[in-house]
Amino acid sequence: MLLSQSKKILAILAGTLLVACAYYAFQKPNGITAPGLGGIAVILANFLHSPLGLIYFILNIPLFLMGYRSIGSTFAFLSLIGMGSLSFFLAVLSHLPILPSPIIGCILGGLLSGIGIGIVIHVGATTGGLDIASVVIAKRYPFFTIGKTMMAVNGCVLILTFLAAGLTHTILTFLSIIIAGKCVDLTLSLFQHAKKKEASL
């Protein structure tokens, strides 16, 4: 049991590391707003001139409580690790090498963040924020996959990006969100397929 929990925590750390790297290496230098609550945190951090990791952590508190009530203590514990580790990586990785190419940054940023979020969700956690809302909604309404739900709740991120940065950055952010959402669903499907294949052996 302890070993299993340790593996889950390592997976969460790996997933949140990918999300933070995607933001600093590909999204931020190309004016692409990160998906989910991270995107809202970025806009607020720039407006308030405050540390991104701190803003992200504070915004997560009410959503974290919602996840605890709706899904349970294990989910809340693992999501707390996901939220804390992503906040930590966002605080310490701000000086990563960057790739100043909007199209490539849009694609790679979406891919890495989607895979990272998918890994975290696969082990029964989230990176916090709108991921928690997505998991709660997907549990109550199975028709809405987590990836689709994430794309839907990201509408407010696009509106804020348009108001703050204009049409070009909004389009890039939209494409990155679509790619990330598809990668979340694909990552979860691959893990599920691997689990079924292992069970059949």
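In which helix is the place of S79? In this predicted model, S79 belongs to helix α4, which runs over residues 73–92. The residue is buried, since its relative accessible area is 1% and burial is assigned under 20%. When neighbours within four places in sequence are left aside, S79 is in contact with A125 and T126.

The UniProt record, an unreviewed entry, gives the feature "transmembrane region" at residues 37–59, 71–96 and 102–125. Two of these segments can be described by their secondary structure and by the distance between their ends. Residues 37–59 are 87% helix and 0% strand, and the C-alpha atoms at the ends of this segment are 8 Å apart. Residues 102–125 are 88% helix and 0% strand, with end C-alpha atoms 30 Å apart.

Helix α8 has a buried side and an exposed side. V157, L158 and T161 of α8 are buried. These residues lie on the same side of α8, because they cover an arc of only 100° around the axis. In general, an α-helix has 3.6 residues a turn, so residues three or four places apart point the same way. The buried residues of α8 pack against α2 (37–48) and against α9. On the other side of α8, the exposed residues are I159 and L163. I159, a residue of helix α8, counts as exposed because its relative accessibility is 54% and the cut-off for exposure is over 50%. After α8 comes G166, which has a positive phi, near 100°.

Both I159 and L163 also belong to a nonpolar patch on the surface. The other members of this patch are L160, F162, L167, I171, F174 and L175, and the accessible area of the whole patch is about 790 Å². Two or more residues of the patch come from α8 (155–165), and two or more from α9 (167–200). Helix α9 thus appears in two descriptions of α8: the buried residues of α8 pack against α9, and both helices contribute to the nonpolar patch.

A further position of note is K28, in the loop between α1 (2–27) and α2. K28 counts as partly exposed because its relative accessibility is 47%, which falls between the limits of 20% and 50%. Along the chain, K28 and P102 are 74 residues apart, while their C-alpha atoms are separated by 9.9 Å. P102 is also the position at which one of the UniProt segments, 102–125, begins.

How values were computed: Residues are numbered from 1 along each chain as its sequence is written. This is a predicted model: local features need pLDDT of at least 70, side-chain atom pairs count only at pLDDT 80 or more; totals for chains, interfaces and linings use all residues. Side-chain values use heavy atoms; hydrogens and water are left out. Helices (H or I, at least four residues) and strands (E, at least two) are DSSP runs, numbered from the N terminus. Buried means under 20% relative accessible area, exposed over 50%, partly exposed in between (1.4 Å probe, protein chains only). Contact means heavy atoms within 4.5 Å. Patches are made of residues with over 30% relative accessible area and no salt bridge: like charges are joined within 9 Å, nonpolar side chains (Val, Leu, Ile, Met, Phe, Trp, Tyr) within 5 Å. Accessible areas come from the Shrake-Rupley method with a 1.4 Å probe; for residues, only the protein chains shown count as cover. A salt bridge is a side-chain nitrogen of Lys or Arg within 4 Å of a carboxyl oxygen of Asp or Glu. UniProt positions are given in the numbering used here, feature names are shortened, and annotations may be inferred rather than shown by experiment. The arc is that of the directions from the helix axis to the C-beta atoms.
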